[in-house]
Amino acid sequence: MISARLNAGSEILLLAPVRGLEEDARKVPGALEPFGPEAIGAGVASEELKGLVRYFVGAAAEPVVPLAPTELSEVRGLARFGEVRVPNPSFLQALEWGRGHNVPVAALDPDEEASAELFTEHIGYVELVRRTVREHRLGRSPPATSSADAFALAWDGSIAGGSGSRRLAAARDEHLAAETRRLSEGRRRVAVVVDRERFDSVRARLSARPVPGA
């Protein structure tokens, strides 16, 4: 897991664990504890966050999570570097920590409707076909990397390498940065947890000075 401390009006702790990797997930509470956030933002949609709270946080038994073929290939490839869990254990750790410390956890990504609109806006037919081809190719041959960190970056870069996909990712991260600033209003310290591959983009956007009136 990599991290950064930023100043965007409030002090922000940005945490970027590798998605699914249990070793990184276990580091999340240890990073939150000394920082003492007054709120935590998670790089997920509100519907997903509600599902995590309802079915996984504090649950006596976790339900079975069905995986799409591409997701299964990602898990298998990442498992070379340690235990892998789904759904993302890093977000579950953040939720558990927030629950235990009476700290609110908020979703920062666009909701399902807004995400669908962004996808339609940025992903045309040609890019959709190319993404599908890239996903199938990855399913057959996951990236051969020497670390979980490199695997996460290579996996995302392979699927989302097209110009439309890059614009979609940028729009999603712009939304997250704006929501983080809203979450930070009136608070001194806020933690944000995102997937590893989003770290550089989110850090750059949170470090940039927002445009007045935007």
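How much space lies in the largest pocket? I looked this up first and found about 1600 Å³.

**Entry 1: basis of the notes**

I worked from a predicted model, in which local features need pLDDT of at least 70 and side-chain atom pairs count only at pLDDT 80 or more, while totals for chains, interfaces and linings use all residues. Residues are numbered from 1 along each chain as its sequence is written, and side-chain values use heavy atoms, with hydrogens and water left out.

**Entry 2: the largest pocket**

I noted how a pocket is defined: on a 1 Å grid over the protein atoms alone, it is an open set of points with protein on both sides within 12 Å along at least five of seven lines, whereas a cavity is a set of points where a 1.4 Å probe fits but cannot get out. Lining residues have an atom within 4 Å of a point. Grid points are joined across faces, edges and corners, and the volume is the space filled by probe spheres set on the points.

I recorded again the volume of the largest pocket, about 1600 Å³. Its lining has 48 residues, and the closest to its centre are Arg19, Asp156, Arg172, Asp195 and Glu197. By class, I found 21 nonpolar, seven polar and 20 charged residues in this lining. Here Ala, Val, Leu, Ile, Met, Phe, Trp, Tyr, Cys and Pro count as nonpolar, Asp, Glu, Lys and Arg as charged, and the others, Gly among them, as polar.

Which helix gives the most to the lining? I found that helix 9 does, with seven residues. Among the helices that each supply at least two lining residues are helix 4 (69–78), helix 9 (163–184) and helix 10 (199–207). Helices (H or I, at least four residues) and strands (E, at least two) are DSSP runs, numbered from the N terminus.

**Entry 3: strand 2 and its partners**

I next examined strand 2 (residues 10–16). Six of its seven residues are buried, so this strand is largely enclosed by the rest of the structure. Buried means under 20% relative accessible area, exposed over 50%, and partly exposed in between (1.4 Å probe, protein chains only).

Two strands pair if DSSP finds at least two bridges between them. Strand 1 (residues 2–8) and strand 2 run antiparallel and are joined by seven bridges; Ala4 has Leu14 of strand 2 as its bridge partner. The two strands form a hairpin with one residue between them, and Gly9 in the turn has a positive phi of about 90°. Strand 5 (residues 189–193) runs parallel to strand 2, with five bridges between them. I saw that Leu13 stands opposite Ala191 in strand 5.

**Entry 4: salt bridges**

Side chains of opposite charge can pair when their charged atoms come close. A salt bridge here is a side-chain nitrogen of Lys or Arg within 4 Å of a carboxyl oxygen of Asp or Glu. How many does a search of the whole structure find? The search gave 15.

I took the bridge between Glu74 and Arg19, at 2.6 Å, N to O. This pair links distant parts of the chain, 55 residues apart: Glu74 is in helix 4, and Arg19 is in the loop between strand 2 and helix 1 (22–25). Glu74 counts as buried at 15% relative accessibility, whereas Arg19 is partly exposed at 26%.

I then took the bridge between Arg172 and Asp109, at 2.9 Å, N to O. Arg172 lies in helix 9 and Asp109 in the loop between strand 4 (105–107) and helix 6, so the pair ties together parts that are 63 residues apart in sequence. Arg172 is partly exposed, at 34%, while Asp109 is buried, at 8%.

A third bridge joins Arg203 and Asp200, at 3.5 Å, N to O. These residues are three apart in helix 10, which means that about one helical turn separates them. I also noted that salt bridges sharing partners join Arg19, Glu74, Asp195 and Glu197 into one network.

**Entry 5: single residues**

Is Ser165 buried or exposed? Ser165, in helix 9, is buried, at 2% relative accessibility. Not counting residues up to four places away in sequence, Ser165 touches Ile123, Glu127, Arg131, Arg134, Ile159 and Ala160; contact means heavy atoms within 4.5 Å.

The peptide bond from Val86 to Pro87 is cis, with omega near -5°. I placed Pro87 in the loop between helix 4 and helix 5 (89–101). Asn102 has a phi near 55°, a positive value in a residue other than glycine. Asn102 lies in the loop between helix 5 and strand 4 and counts as exposed, at 72% relative accessibility.
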